[in-house]
Amino acid sequence: MKKLFTILIASLLVLTACSSKPKAGGTLTVAAPSNFNGDFIAGFSSNAYDRWVQELLNYDYGVFYSDRETSDLLDNPTVVEKVDVADKGGDKEYTFTLKAGNKFSDGTEITAKDYVFTVLMRANPKWKATAKMDNTGDKLVGYADYSAGKSATFDGVKYIDDKTFSLTISKDELPYYFERASVAVSPTPMAAWFKDAKFNADGNGFDNTDEEITAAVKEISEKERFAPTVTAGPYKFESNENNTATVVVNEHYAGNFEGKTPSIEKVVVRQVESSLSIQALENNEVDFVPGVIEGKLINQAKEKELQTHSYPRNGFGNIVLKANKGPTQIKEVRQALGFLLNRQEFVSKIVGGYGSVVNAPYGLSQWFYKENKDRIESELIEYTYNLTKANELLDQTDYKFEKDGSTPFDVEKASEDYRRHNSKGEKLLIKHFGSEKNDVTDLIISQLVPAATEAGVEYAVDQGDFATLGAYMQGTQDNDYNAFNLATSFTSMYDPWQNESQYVNTGLNWSDIEDDKLDATIKAVQTTKPGDKDAFADNIMEYFKVWNDLLFQIPLYSNEYFDITTTRVKGVDVITPEMDWAKSIVYLSVE
């Protein structure tokens with residue numbers, strides 16, 4: 001269930017019932033630098049801005065909440081009366097007893113059925129055929145057979161009664177450093193998603209026909225996905241038109257684990273080009289521009305004395321390379337591209353003085369980086385611009401010939417009219433897709449394209465909107481691109497599961513990398529004994545070494561995030577690298 005649980009379960013703030021709640025008022029308008037996909041249910045091809053809306057709609061009523069200081073998953077005191085853990089022959093069973101009285105946005109009571117439904121539906125093969133980004137329940141007993149359609153029952157899931165259910169982690173998945181994430185489930189409104197749903201007598205499967213399940217999945221994926229009718233979080237959906245999503249306060253929301261309810265009545269998230277965002281703040285067209293990385297915009301905001309709140313990023317900017325398509329299937333080609341980049345220029349021109357180059361998939365905020373910085377920087381390959389090294393690597397591949405496929409390539413002749421080819425006469429062509437009106441894309445065009453030419457590589461860049469980039473990279477739309485620039489954000493539960501070979505061609509493994517050694521290092525990270533930070537850091541380091549050598553993503557930088565607001569927005573100081581503005585919405589207010 002692990003990674004619904006990066007997004008859907010999301011750190012799962014809790015709802016504390018309150019006898020009275022202050023009336024919400026006012027509107028907060030938030031700028032998104034690119035367009036939405038419109039996927040407001042987890043499991044589909046949501047982008048970062050869709051996930052903001054998802055968090056506003058469904059970030060709560062999980063069985064656990066995430067501690068803002070430690071990121072530990074703790075029992076949600078509003079949702080659960082108790083959590084019992086039992087050994088079942090090496091498997092580990094978590095039994096949850098729920099508190100009564102929590103409600104969805106339509107006023108219907110949330111019961112154990114809604115939690116069990118989350119797992120049974122999202123792991124069902126009919127759902128997974130449509131929502132390909134979902135791997136809910138994958139550490140539970142019986143997941144493989146249930147999700148593949150080989151069994152109609154999911155043995156690791158059990159509905160007991162309306163207050164009680166259990167989830168059982170397979171012994172084959174233990175130990176797991178983030179064990180609680182495997183069972184950190186949130187409710188899904190079963191009556192809204194699948195009104196005719198019935199559980200079998202054992203509470204571990206549907207007592208519905210395949211046709212009924214298929215019809216429900218179709219209804220969700222074609223309608224509910226884009227305009228959720230019932231939600232569990234602090235807000236409910238109102239509209240999404242013209243790249244503007246609007247949500248309004250959920251009057252049935254009981255509050256987070258501290259009893260906090262939203263003081264803001266309406267939140268509007270609208271697309272505003274990054275270059276125009278500071279002007280939009282000045283003109284009071286928006287109130288809040290989150291996660292700004294561009295140094296020039298940050299400096300503008302400071303000059304204009306706008307309100308800023310900064311924190312180190314829990315993520316990094318990168319170029320994703322497809323490891324199963326075209327020349328980037330070859331490790332030496334990927335490494336050569338790393339040596340054709342001046343990554344320090346990305347730091348200076350994109351983030352100004354507010355970031356630094358990184359050599360692996362980590363952010364500046366992460367504890368294992370801060371505690372092992374010297375080791376990370378000394379033991380990893382630092383890819384710096386080196387044309388000689390790039391050519392040496394390319395000469396180790398089959399791309400070492402002229403167009404005829406037999407005459408050795410002469411690096412001294414490299415030009416737009418003289419490129420490397422392989423023995424089949426195929427040109428060394430990298431097809432890159434970048435988001436438009438994006439400083440990183442622009443710098444790739446001005447820096448990497450000519451540098452690649454000097455090594456005999458044709459590096460062709462096309463541009464489009466961010467939603468299209470995501471669809472191409474995840475394979476939901478056919479394309480022949482093998483490089484993409486974007487940024488990756490991490491949760492507090494750093495599990496690099498998406499790079500496992502089993503997720504190739506699912507849309508989850510962005511690079512479609514398949515490598516046994518990489519899989520082994522990921523497994524070592526995952527199976528670290530919970531609480532053993534030293535062993536976890538050592539295993540992360542081994543993973544970084546393999547990742548850094550395979551270089552299926554080129555790391556560019558990590559940086560400070562700046563949330564920039566007008567002075568009417570209050571409470572932004574609670575925002576952290578793991579708890580963004582949408583997860584922290586109950587602490588924000590507008591004057």
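Start by selecting Asn482: you'll land in the loop that links helix H16 (466–474) to strand E17 (483–489). Keep in mind as you look around that this is a predicted model.

Is Asn482 buried or exposed? Turn on the surface and check: Asn482 has a relative accessible area of 2%, and since the cut-off for buried is under 20%, Asn482 counts as buried.

Next, show what Asn482 touches, leaving out residues up to four places away in sequence. Which residues should light up around Asn482? One group to pick is Val320, Leu321 and Lys322, along with Lys325, Gly326, Pro327 and Thr328. Then add Leu429, Ile430 and Lys431, which Asn482 touches too.

Now zoom out and switch to cartoon view. You're looking at 18 helices and 20 strands. The radius of gyration is 24 Å, close to the 25 Å that the globule rule gives for 591 residues, so the protein is as compact as a globular protein of that length. Rotate the C-alpha trace and you'll see it spans about 75 × 60 × 45 Å along its principal axes.

Try colouring by burial: 58% of the 591 residues are buried, Asn482 among them. If you draw contacts between residues at least 6 apart in sequence, 72% of them join residues at least 24 apart.

For the last stop, bring the surface back. The accessible surface comes to about 22900 Å², with 44% of that belonging to carbon and sulfur atoms. Then colour by charge: there are 62 positive and 90 negative charges, and their mean positions lie 1 Å apart.

Note on methods. Residues are numbered from 1 along each chain as its sequence is written. This is a predicted model: local features need pLDDT of at least 70, side-chain atom pairs count only at pLDDT 80 or more; totals for chains, interfaces and linings use all residues. Side-chain values use heavy atoms; hydrogens and water are left out. Helices (H or I, at least four residues) and strands (E, at least two) are DSSP runs, numbered from the N terminus. The radius of gyration is taken over C-alpha atoms; the globule rule is 2.2 Å times the number of residues to the power 0.38. Buried means under 20% relative accessible area, exposed over 50%, partly exposed in between (1.4 Å probe, protein chains only). Contact means heavy atoms within 4.5 Å. Accessible areas come from the Shrake-Rupley method with a 1.4 Å probe; for residues, only the protein chains shown count as cover. Lys and Arg count as positive and Asp and Glu as negative; His and the chain ends are not counted. The place of a charge is taken as NZ of Lys, CZ of Arg, CG of Asp or CD of Glu.
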